[in-house]
Amino acid sequence: MISQEQFNIEIEGIIANAIREDVGDGDHSSLACIPASAQGKAKLLVKDKGIIAGVEFAKQVFAYVDANMKVETLIADGSKVKYGDIVFYVEGASQSILRAERLVLNAMQRMSAIATKTRQFVDLLEGTGTKILDTRKTTPGIRALEKWAVKIGGGENHRFALYDMIMLKDNHIDFAGGVSKAISLTKQYLKDTNRDLKIIVEARNLEEIKEILDCGGVYRILIDNFNYEDTRKAVKLIGDQCLTESSGGINEHTLRKYAECGVDFISSGALTHSVYNMDLSLKAV
């Protein structure tokens, strides 16, 4: 993953762009009927159940819109919530609350859905030693929020983007002319460009795993679309030579069975691309 500093820059960019998109040259609905001097208070109301996520992000949004707004947090990120719970109160200029409202809700509803699904997967893996990873299958423009939500739900982040880790997948291998050539060229590229990036290589069968191990210098092998029996064989073959990761259509019904094969990680795009937003409202008090 990227550094915390770079992650913060991503979050700041998301807020600035979202406010630009939503507010434009002004929230004319509020400007038309609410005096600039009017003060108000609102509550973040839960109308669903699951894991709440995005509270700290909401605070950053409110501060960006109006530094004078104050937030009283009642329920922290990562906590279980149920219908009727109040997550926080926000006080300040009524116009400012309304400018921030939609971004806060849109983000928190999606982040909470992702955190909830992630927590379900984490609970299913309890006792196995296997960790759940996200992927790059995220919503364009808000990847940082979605990966933040995975962490809040108890999962682990995979690479952030194309630039912070080397991941040689099937197309890279085929375009490069084979596993060994792809790995060899990658090592030379890292040397030539003086980059220190971890290398993950996808394997489509046991023979490719043997070839990857013969090359050496790989951080993790992605055991992609293997059945349970072949996954166990792959894990035994790899041993402690590098880390292991299973992927490929793994869901809540098959997750634990793959974990019991002994892999270190399981990656799932479903954490971020197949969720239903948690129902939340921001209501005036």
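**Exercise 1. In which strand is serine 267 found, and what surrounds this residue?**

Solution. The structure is a predicted model, in which local features need pLDDT of at least 70, side-chain atom pairs count only at pLDDT 80 or more, and totals for chains, interfaces and linings use all residues. Residues are numbered from 1 along each chain as its sequence is written, and side-chain values use heavy atoms, with hydrogens and water left out.

Step 1. Serine 267 is found in strand β11, residues 265–267. Strands (E, at least two residues) and helices (H or I, at least four) are DSSP runs numbered from the N terminus.

Step 2. The relative accessible area of serine 267 is 9%. Buried means under 20% relative accessible area, exposed over 50%, and partly exposed in between (1.4 Å probe, protein chains only). Serine 267 is therefore buried.

Step 3. Contact means heavy atoms within 4.5 Å. Not counting residues up to four places away in sequence, serine 267 touches Leu133, Asp134, Thr135, His158, Leu222, Glu245, Ser246 and Ser247.

Step 4. With one of these residues, glutamate 245, the side chain of serine 267 makes a side-chain polar contact at 2.7 Å. A polar contact is a pair of N or O atoms within 3.5 Å; within protein, one must be able to donate a hydrogen and the other to accept it, and residues adjacent in sequence count only if both atoms are side-chain atoms.

**Exercise 2. Describe the surroundings of serine 281.**

Solution. Step 1. Strand β12, residues 280–284, contains serine 281.

Step 2. A relative accessible area of 10% is the reason why serine 281 counts as buried.

Step 3. Leaving aside neighbours within four places in sequence, serine 281 is in contact with Lys43, Leu44, Leu45, Lys47 and Leu105. Its side chain makes a polar contact with the side chain of lysine 47, at 3.4 Å.

Step 4. Serine 281 and valine 104 are 177 residues apart in sequence, while their C-alpha atoms are 9.7 Å apart in space.

**Exercise 3. Check the length of helix α7 and find which of its residues are buried.**

Solution. Step 1. The expected span of a helix is 1.5 Å times one less than its number of residues. For the 14 residues of α7 the expected span is 20 Å, and the end C-alpha atoms are 20 Å apart, so the two values agree.

Step 2. The buried residues in α7 are Val179, Ala182, Ile183, Thr186 and Leu190. They lie on the same side of α7, because they cover an arc of only 95° around the axis. The arc is that of the directions from the helix axis to the C-beta atoms. An α-helix has 3.6 residues a turn, so residues three or four places apart point the same way.

Step 3. Exposed residues Lys191 and Asp192 are carried by the face of α7 turned away from the buried side. The buried residues pack against β7 (166–168), α6 (170–176), β8 and α8.

Step 4. Glutamate 208 lies in α8, residues 206–215. Its contacts, leaving aside neighbours within four places in sequence, are Val179, Glu202 and Ala203.

**Exercise 4. Examine the phi angles of asparagine 194 and asparagine 225.**

Solution. Step 1. Most residues other than glycine have a negative phi.

Step 2. Asparagine 194 has a positive phi of about 55° although it is not a glycine. This asparagine is in the loop between α7 (179–192) and β8 (199–203). With a relative accessible area of 73%, asparagine 194 is exposed.

Step 3. Asparagine 225 also is not a glycine and has a positive phi, about 60°. The loop between β9 (220–224) and α9 (228–238) holds asparagine 225. At 55% relative accessibility, asparagine 225 counts as exposed.

**Exercise 5. Which residues touch the most other members of the largest nonpolar core?**

Solution. Step 1. A nonpolar core is a set of buried Ala, Val, Leu, Ile, Met, Phe, Trp, Tyr and Cys residues joined through side-chain atoms within 4.5 Å.

Step 2. The largest core has 81 residues, of which Phe57, Phe88 and Ile221 touch the most other members. Its largest share, 12 residues, comes from α4.

Step 3. Phe57 is among the buried residues of helix α3, residues 55–65, together with Val55, Ala58, Val61, Phe62 and Val65. These residues are on the same side of α3, because their arc around the axis is only 155°. They pack against α1 (4–23), β3 (70–73), β5 (86–93), α4 (94–124) and α5 (143–152).
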